[in-house]
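Got your viewer open? Let's take a walk through this chain, one selection at a time.

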Amino acid sequence: LANEAATIEDRVVTLGTGTTNLDPAKHANRLLQISTAAAAYTINLPYATGSGDIYEFLLTVAHTSGSVIINATHPGTTTNKFVGSVIQFTSNVQAVWFSSTTNDIITLNNTTTGGLRAGDYIKLQDVAAATWRVVQGLISASGAGSTPFSG
């Protein structure tokens, strides 16, 4: 796998606020921390090629403002997609399952689509050309919750 690191210190990257274009050499097969509570994040995945690389996202603080957006979109392409499911825990004490087979954006808006608590986690894998597998997603939301998938 690209960028496989030997120590835990080498396996964790704290993402900056604003827009980040993920680079397999810097971000693949590492835990990617989102650790600023009051900031927007737009995270652009590399184009999926079937590399097998994994990208894990962890909110280390309760996110209070600004959405966390994970994009599989790329200019000039309409074929990128997320395939898989996330489990969302709502403030109504329910576990809700949302799935995607065609969407290319994940949005955690700190309320109904997730990103409400520290510990929210999404793990994605590049499994084929233009295809990102949602390996695991455990997110928290307010109210009844709604799908984080769009696009």
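Start with the whole surface switched on: the protein chain exposes about 6800 Å², and carbon and sulfur atoms supply 55% of that area. Keep in mind as you click around that this is a predicted model.

**The whole chain**

Zoom out until everything fits in the window. The C-alpha atoms fill a box of roughly 40 × 35 × 25 Å along the principal axes. How does the radius of gyration of the protein chain sit beside that of a compact globule? The chain has 14 Å, which agrees with the value near 15 Å that a compact globule of 151 residues would have.

Now colour by burial: 42% of the 151 residues count as buried. If you display contacts between residues at least 6 apart in sequence, 68% of them join residues at least 24 apart.

Next, pick out the charged side chains. There are 7 positive and 9 negative charges, and their mean positions lie 4 Å apart.

**Cartoon view**

Switch to cartoon and you'll get two helices and 12 strands. Following the sequence, the order reads α-β-β-α-β-β-β-β-β-β-β-β-β-β.

**The five-stranded sheet**

Select S2, S4, S6, S9 and S12. They make an open sheet in the order S2-S4-S6-S9-S12, and the pairing is mixed. Which strands stand at the edges? Those are S2 (18-21) and S12 (149-150); each has a single partner strand, so one side of each is left without a neighbour in the sheet.

Move inward to S6. Strand S4 (residues 41-44) and S6 run parallel, with four bridges joining them. On the other pairing, S6 (residues 68-71) and S9 (residues 105-108) run antiparallel, again through four bridges.

Click on isoleucine 69 to see both pairings from one spot. Its bridge partner in S4 is threonine 42, while threonine 107 in S9 stands opposite isoleucine 69.

**Threonine 107**

Stay in strand S9 and centre on threonine 107. Is this residue buried or exposed? At 19% relative accessibility, threonine 107 counts as buried, because the cut-off is under 20%. Show what lies around threonine 107: leaving out residues up to four places away in sequence, the ones touched are Ser67, Val68, Ile69, Thr113, Pro148 and Ser150.

**Two asparagines with positive phi**

One bit of background for the last stops: most residues other than glycine have a negative phi.

Select asparagine 29, in the loop between helix H2 (24-27) and strand S3 (30-34). Phi of asparagine 29 is near 60°, a positive value in a residue other than glycine. Asparagine 29 is buried too, with a relative accessible area of 16%.

Then jump to asparagine 110, which sits in the loop between S9 and strand S10 (121-128). What is phi of asparagine 110 near? The value is near 75°, positive in a residue other than glycine. Asparagine 110 also counts as buried, at 7% relative accessibility.

To finish, put asparagine 110 and strand S9 on screen together: the loop that holds asparagine 110 runs between S9 and S10, and S9 is the strand that pairs antiparallel with S6.

Definitions and conventions:
Residues numbered from 1 in each chain as written. Predicted model: local features only at pLDDT ≥ 70, side-chain atom pairs only at ≥ 80, totals over all residues. Heavy atoms only, no water. Rg over C-alpha atoms; globule rule 2.2 N^0.38 Å. Buried < 20%, exposed > 50% of the residue type's maximum accessible area, 1.4 Å probe, protein only. Contact = heavy atoms within 4.5 Å. Areas by Shrake-Rupley, 256 points an atom, 1.4 Å probe, with all protein chains shown as cover. Lys, Arg positive; Asp, Glu negative; His and termini not counted. Charge placed at Lys NZ, Arg CZ, Asp CG, Glu CD. Pairing = 2+ DSSP bridges.
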